[in-house]
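Please look at the structure shown below, and keep it in view while reading. The paragraphs that follow go from one helix to the wider fold, and then on to the partner chain.

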Amino acid sequence: MTVRSRAPFYIFVFLLIAAGISIATWRHIELGVPLVTGEQRPVWMIEARVDFEGLDEAAQVSLHIPEQPPGFSILTEQAASPGYGFSILETSASRRAEWTKREVSGPQTLYFKVQFVPEESATGSARTRKPRAIPAFWEEPEATAVRELLRQATERSSSPESLTRELIRLLQPDSRTQNTTLLVSDDNYLQLLVKMLNHTGIPARTADGLKLEDARRRQQLMPFLQIHNGNRWLTFDPRTAEQGVPENLLLWRQGSESLLDVVGGGNSQVSFSMLRQTVPALQLATLEANQKGLGVLGFYQLPIEEQSMFRMLLLLPIGALIVAFMRIVIGVRTSGTFMPVLIAVAFVQTTLLPGLIAFLSVVSIGLVLRGYLSSLNLLLVSRISALIILVIFITAGLSIIGYQMGFNTGMTVTFFPMVIIAWTIERMSILWEEEGAREVLVQGSGSLFVAICAFLAMSTSLAGHLTFNFPELHLVVLGLILLMGQYTGYKLSELRRFTPMKAYD
Amino acid sequence: MDWISPRKLKKLGLLNMNRRNVDYIGRYNERSSFPLVDNKLKTKLAVSEYGVKTPKLLQVVRQQHEISHFREMSENLDGFAIKPAKGSGGKGITVITGRDEDKFVKASGVRISVAMLERHLTNILAGLYSLAGTPDVAIVESLVQSSPALAKYSFQGVPDIRIIIFQGYPVMAMLRLATKASDGKANLHQGAIGVGLNVGTGHSLNAVQFNRPITLHPDTGLPLQNINIDDWENMLEMASRCYEATGLGYMGVDLVVDENEGPLLLELNARPGLAIQMANGEGLLPRLNNIEALKRPHFSPRERVHYAMETFGKH
């Protein structure tokens with residue numbers, strides 16, 4: 001009797017809708033669950049190939065593998081190496097893939113495959129123990145040359161970054177002076193750079209990068225220079241002094257650990273081949289979510305059979321929303337409140353036209369038989385029970401006849417909910433007796449109209465995609481249905497029903 | 001297609017389905033009181049304590065074996081009505097108006113045997129006519145002898161008066177006349193005529209059939225403008241008392257006028273239809289708002305009726 005304030009209700013509905021939308025947005029942005037179907041994303045498949053010659057003894061091969069290369073995240077890792085024991089060793093300084101075998105002879109090939117996803121936000125390694133510069137010892141006359149070069153570079157710079165740039169520039173062949181020619185030879189250039197930077201007190205190290213180009217084989221790593229500016233490692237191209245990691249560059253190795261160690265083998269080398277793949281964004285998101293332990297938030301971890309069942313179930317709220325809208329706002333009369341949704345679900349499985357034909361024929365044959373039942377003057381329960389059995393006979397008959405005539409679609413009639421159809425026939429029949437054929441036609445076509453609307457909405461691939469991958473959006477549907485439950489305005493059909501009132505205006 | 005704009009409807013104060021459900025039935029009708037009106041037997045017992053007369057109860061058939069008593073009881077009766085207690089919209093009601101040797105004569109003139117009536121009772125007990133098919137009880141009532149003043153307007157059937165009672169105040173009323181199209185039933189959507197009644201006087205206002213205004217009864221040919229209900233104030237008071245009996249804040253009260261007994265309560269309806277507004281050519285909302293705005297509601301049915309007659313009777 002009391003008139004409660006509706007403000008808490010509206011706040012609650014608003015929270016529901018806001019929660020649904022924000023969780024969906026979060027999942028889209030953070031987990032990369034795509035908003036539309038069929039979205040593709042590039043993935044780099046990189047294969048490291050280790051070749052070495054067995055020396056008839058126990059072999060141990062240890063390959064440095066990336067952990068968190070800047071600009072990429074690792075999707076999958078996989079080793080292919082028959083007969084070898086394999087494990088990934090993680091230490092505080094590095095990650096290494098290790099192959100072991102008791103007896104190795106002759107040429108050997110080991111593979112290690114990694115899938116990388118380009119990701120803007122992925123930053124470099126999080127290991128932040130501040131490195132220390134290792135002072136170097138120089139003999140004369142190099143010591144003087146180094147001192148002179150470092151003095152020049154320091155004069156022209158203000159920070160570790162600019163010092164590094166200047167030093168690289170001074171060591172370039174076109175700007176070489178006597179001092180540099182004394183120091184630089186072809187194969188020690190990068191080592192020299194690292195040593196000199198360390199000497200000035202800037203922690204420096206080398207890194208190896210892989211230039212990503214589609215379908216390249218036998219690629220070698222390219223050396224890069226990294227310095228620590230006090231906060232994080234910065235990457236420089238040692239030839240051009242360009243700072244930062246180029247977009248298509250994958251840093252395979254960072255730090256001073258060796259790339260490849262082979263014990264019990266000789267003539268070892270490592271080469272890389274790469275392939276640009278496209279993977280459906282959804283599959284990618286699923287994999288990533290499972291890795292991050294967020295898979296529990298979705299249905300991806302359920303067995304496939306349950307997943308497909310949920311796919312169907314999660315479409316039901318869409319149907320319910322449409323029924324609520326049609327009945328509350330439009331004012332379509334249907335026979336049975338949610339019968340149209342169940343029929344629409346059956347349509348999703350049978351497709352529209354065959355489903356429509358099957359449904360209409362079952363109901364009309366059922367109505368004829370129900371006419372006979374009503375003349376028997378049976379009690380309600382046994383009449384409905386008899387009707388259910390008759391409906392099963394009709395569907396079986398239609399399936400068999402359809403199959404014999406070569407229509408496989410005849411079989412789909414079994415998707416219809418038998419009990420619901422029996423009740424529909426019963427209601428239609430009573431309606432016919434009490435209100436006449438016209439009302440049966442109105443409610444029957446109203447039900448079918450709503451069922452077809454619900455079917456059209458539920459069968460769009462977008463609806464299936466959103467409801468299954470963003471189950472939180474059902475909070476929005478729930479909010480809308482709750483809001484509709486408070487709708488006290490005129491139905492569209494009432495604008496027609498009350499037309500004669502024009503006379504009293 | 002002809003449409004009326006929602007703004008115009010609002011101006012007329014027309015109550016619509018959604019608003020009726022949410023703002024009136026949902027707010028003023030306790031769920032627990034519904035069985036009281038959905039079951040005619042309970043209604044009868046509840047209102048009798050408040051001095052509201054109903055057609056005389058001849059027999060209640062609760063169990064299958066009690067059907068045999070019906071044969072004895074009906075032997076010396078000429079007219080009676082068999083009703084399912086939980087039936088709605090007049091479903092399952094059989095009206096016997098006379099005897100033809102050992103056969104019973106229905107209102108439509110069809111003759112049926114006692115055995116058929118007994119089977120009808122069995123069907124009622126099994127829940128054939130009840131809402132949701134739950135087991136039911138059959139009640140046998142004495143026949144209403146409609147007062148000739150009103151009966152002449154109706155084609156077969158008994159004309160009844162529907163009064164909307166809101167928080168105990170009669171807010172709107174109409175007379176329902178059966179027609180050939182409605183098959184002797186007083187249901188408006190089946191084609192019965194609805195005649196709006198002035199709450200203040202009991203005079204007819206205008207009449208509609210199938211939502212269209214009419215001036216003459218299509219079957220009896222009588223003009224519908226000058227119908228007057230006798231003993232109007234008493235009828236309103238009787239309807240108003242049903243509020244105390246049931247506690248339902250928004251309901252429809254269906255009354256008939258018996259030649260000998262005077263006004264009798266036929267049934268109560270916790271979800272009264274909206275067509276009464278068309279028969280009155282007026283919306284319910286202004287009147288409902290008027291009652292809701294009352295700072296001090298009147299306590300006795302008589303006071304409420306006086307207030308309503310004064311307030312809603314002006315035309």
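In this predicted model, the buried residues of helix H2 of chain A are A:Val146, A:Leu149 and A:Ala153. Seen down the axis of H2(A), these buried residues fall within an arc of 70 degrees, so they line one face of the helix. On the other side of H2(A) the picture is reversed, for A:Thr144, A:Arg151 and A:Glu155 are exposed there. The helix itself takes in residues 142-155 of chain A, which makes 14 residues, and from its first C-alpha to its last H2(A) reaches 20 Å, close to the 20 Å expected at 1.5 Å a residue.

From this helix one can step back to the whole of chain A, which has 16 helices and 11 strands. Chain A has 505 residues, and buried residues make up 30% of them. Where contacts in chain A link residues at least 6 apart in sequence, 76% of these contacts join residues at least 24 apart.

One residue can serve as an example of such a setting. A:Leu342 has its place in helix H9 of chain A, which covers residues 339-350. Is A:Leu342 buried or exposed? Inside 10 Å it has 20 C-beta neighbours, and because a residue with 20 or more such neighbours is buried, A:Leu342 counts as buried. When its neighbours within four places in sequence are left aside, A:Leu342 is in contact with A:Pro417 and A:Ile420. A further pair to look for is A:Leu342 and A:Ala454, which are 112 residues apart along the chain, while their C-alpha atoms are separated by 9.6 Å.

The strands of chain A also deserve attention. Four of them, in the order E8-E7-E5-E9, make up an open sheet with antiparallel pairing. At its edges are strand E8 (233-236) and strand E9 (249-254) of chain A, each of which pairs on one side only. From one strand to the next the twist averages 40 degrees. Within this sheet, strand E5 of chain A, which covers residues 204-211, runs antiparallel to E9(A) and is joined to it by 5 bridges; here A:Leu210 stands opposite A:Leu250 in E9(A). Helix H5 of chain A, residues 189-200, packs on the sheet and touches both E5 and strand E7 (222-228) of chain A, and the direction of H5 makes about 145 degrees with that of E5(A).

Chain A does not stand alone in the model, for 23 residues of chain A are in contact with 27 residues of chain B. On the side of chain A that touches chain B, helix H16 of chain A, residues 492-497, gives the most, with 4 residues. By character, the residues on this side of chain A divide into 12 nonpolar, 5 polar and 6 charged.

Turning to the partner, chain B contains 11 helices and 13 strands. Of its 315 residues, 45% count as buried. As for contacts in chain B between residues at least 6 apart in sequence, 62% of them join residues at least 24 apart.

Chain B, too, holds an open sheet, made of 7 strands in the order E11-E10-E9-E8-E7-E12-E13 with antiparallel pairing. Strand E11 (212-214) and E13 of chain B stand at the edges, and each has a single partner strand, so one side of each is left without a neighbour in the sheet. With direction ignored, neighbouring strands of this sheet are turned by 30 degrees against each other on average.

Two pairings in this sheet can be followed in detail. Strand E7 of chain B, residues 160-166, and strand E8 of chain B, residues 169-177, run antiparallel and are joined by 7 bridges, and in E8(B) the bridge partner of B:Ile163 is B:Ala173. Helix H10 of chain B, residues 285-292, lies across E7 and E8 of chain B and runs at about 150 degrees to E8(B). Strand E12 (residues 250-258) and strand E13 (residues 262-269) of chain B likewise pair in the antiparallel sense, over 7 bridges. E12(B) and E13(B) form a hairpin, with 3 residues between them, and B:Asp258 stands opposite B:Gly262 in E13(B).

How values were computed:
Residues numbered from 1 in each chain as written. Chains lettered and ligands numbered in written order. Predicted model: local features only at pLDDT ≥ 70, side-chain atom pairs only at ≥ 80, totals over all residues. Pairing = 2+ DSSP bridges. Helix = DSSP H or I, 4+ residues; strand = E, 2+ residues; numbered from the N terminus. Axes fitted to C-alpha atoms, helices over the stretch in contact; angles between N-to-C directions. Contact = placed C-beta atoms within 7 Å. Nonpolar A, V, L, I, M, F, W, Y, C, P; charged D, E, K, R; others polar. Expected span 1.5 Å × (residues − 1). Buried ≥ 20, exposed ≤ 12 C-beta atoms within 10 Å, placed from the backbone. Arc of directions from axis to C-beta.
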